[in-house]
Amino acid sequence: MHMVKNMKYKVGFIGCGNMASAIIGGLIKNANLNPKDIIAADASVVATQAAQSNLGIDVTTDNISVAADSKVLFLSVKPQYYESVISQIKETLTPEQIIVTIAPGKTLNWLSDRLGSNIKIIRTMPNTPALVGEGITGVCKNELVTDEEFTYVMSLLGSFGLAEAIPETLMDAVVSVSGSSPAYVFMFIEAMADAAVADGMPRNQAYKFAAQAVLGSAKMVLETGKHPGELKDMVCSPGGTTIEAVRVLEEKGFRSAVMDAMKACTAKAKGI
C-alpha cells in the first residue's frame, strides 16, 4: 500500500472506549500488529491508562498528535462528538491517510464535507460482539480509497469478526440487523432464562442454557448454509413440544414485532 512513509503508527484511534479496545485487541491478536504500531487518544485519562495497561499500546490525550502520526485513523468517538473532533484534526490530515469511521448516520458525503474532499474515507458499522472476537462489520468507502487500501483495511476489520463490503445505501439496514441487534438478542436470552427460572432452574444455569442455545443455533445457520426455516422445521416434531412453542410465538406476533422494531431502528439511523 503506497502511503506516506514518515508516520510513526500504522493505526491510530481517537476514542478508546469498549469498541475501540475490542478492535485493538483483534488487531494485536489476529492481524499481527505490534502494540507499538498502535496509538489511541481519549479525553479520559482512566480510559487511556486502561488501554495502555491492558493492550500495551501507546496512548495520549492529544487527538491532533494521533491524527498526525497514524496511517489508518479510526474515529471511534460517539457520533455526537464527530463534529468537534473533525474540526480539531482536519488541518492535520493528509490525502495519504485513511480515515475509518464507526458512527451510525454519518454518511460519506457528510464526512467528506467536514474532513475535506481529498481525504480517503472508509465508513463502517461494527457491533459489540467484537468484544469477544465475533463481531460483524458493514463497510463502504469513498472513491479515493484504492482497492489495495480497501483490502488492507478489510483485513484489519476482519481481525475481530466478519467484515462485509456493502453499498452505502444498506448501511442503515446494517445498523438494525447487526449494529443494534445484540440488544434484541440479549432480551431474548433474558426472557428465555426468566421462563426457565419460572420452571425451577437456577438463574445462572438458565442464562448458560439460553445463551448456548442461541450461540449454537447461530452457528448452525452460518456453518450448514441451510435456510433458517429449514433448521426450524428440523426441530419441530409432529405433535411435539417445539411446534407448540412456535404456535404461541406466531400467535403473539413474534416475527412482526422483530421486524417492526428493526424498521424503527433503521428509521432512527437514517435521521441521526
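Reader: Let's start with Lys-10: is it buried, partly exposed or exposed?
Author: Happy to, and do keep in mind that this is a predicted model. Lys-10 has a relative accessibility of 38%. Buried would need a value under 20% and exposed a value over 50%, so Lys-10 counts as partly exposed.

Reader: Which residue does Lys-10 meet in a salt bridge?
Author: Side chains of opposite charge can pair when their charged atoms come close. For Lys-10, the N to O distance in the salt bridge is 3.8 Å, and the cut-off is 4 Å. The partner of Lys-10 is Asp-37.

Reader: How many residues apart are Lys-10 and Asp-37?
Author: Lys-10 belongs to strand E1 (residues 9-14), while Asp-37 is in the loop between helix H1 (18-30) and strand E2 (38-41). The pair therefore links distant parts of the chain, and the separation is 27 residues.

Reader: Nice! And which residue forms a salt bridge with Lys-36?
Author: Lys-36 is partly exposed, at 48% relative accessibility. Its closest N and O atoms to the partner are 3.1 Å apart, and that partner is Asp-58. Lys-36 lies in the loop between H1 and E2, so the bridge ties together parts 22 residues apart in sequence, the other end being the strand E3 (residues 58-60) residue Asp-58.

Reader: Which residues share one network of salt bridges with Arg-247?
Author: Arg-247 forms a salt bridge with Glu-251, with the closest N and O atoms 3.8 Å apart. Because these two are four residues apart in helix H11 (residues 241-251), about one helical turn separates them. Arg-247 is partly exposed at 42%, whereas Glu-251 is exposed at 58%. Through shared partners, the network joins Arg-247 with Glu-244 and Glu-251.

Reader: Turning inward, which element gives the most to the largest nonpolar core?
Author: In soluble globular proteins, nonpolar side chains tend to be buried together. Here the largest nonpolar core has 61 residues, and Phe-13, Leu-73, Leu-75 and Tyr-82 have the most contacts inside it. With six residues, the element that gives the most is H1.

Reader: Ser-159 caught my eye; which backbone nitrogen does its side chain reach?
Author: Ser-159 sits in the loop between helix H6 (147-157) and strand E8 (161-165), and at 4% relative accessibility it counts as buried. A polar atom of the Ser-159 side chain lies 3.4 Å from the backbone oxygen of Gly-26. Among the residues that Ser-159 touches are Ile-23, Asn-30 and Ala-31. At 3.3 Å, the side chain of Ser-159 reaches the backbone nitrogen of Leu-27.

Conventions. Residues numbered from 1 in each chain as written. Predicted model: local features only at pLDDT ≥ 70, side-chain atom pairs only at ≥ 80, totals over all residues. Heavy atoms only, no water. Salt bridge = Lys/Arg side-chain N within 4 Å of Asp/Glu carboxyl O. Buried < 20%, exposed > 50% of the residue type's maximum accessible area, 1.4 Å probe, protein only. Core = buried A, V, L, I, M, F, W, Y, C linked by side-chain atoms within 4.5 Å. Polar contact = N/O pair within 3.5 Å; in protein donor to acceptor, adjacent residues only side chain to side chain. Contact = heavy atoms within 4.5 Å. Lists of a residue's contacts leave out its neighbours within four places in sequence.
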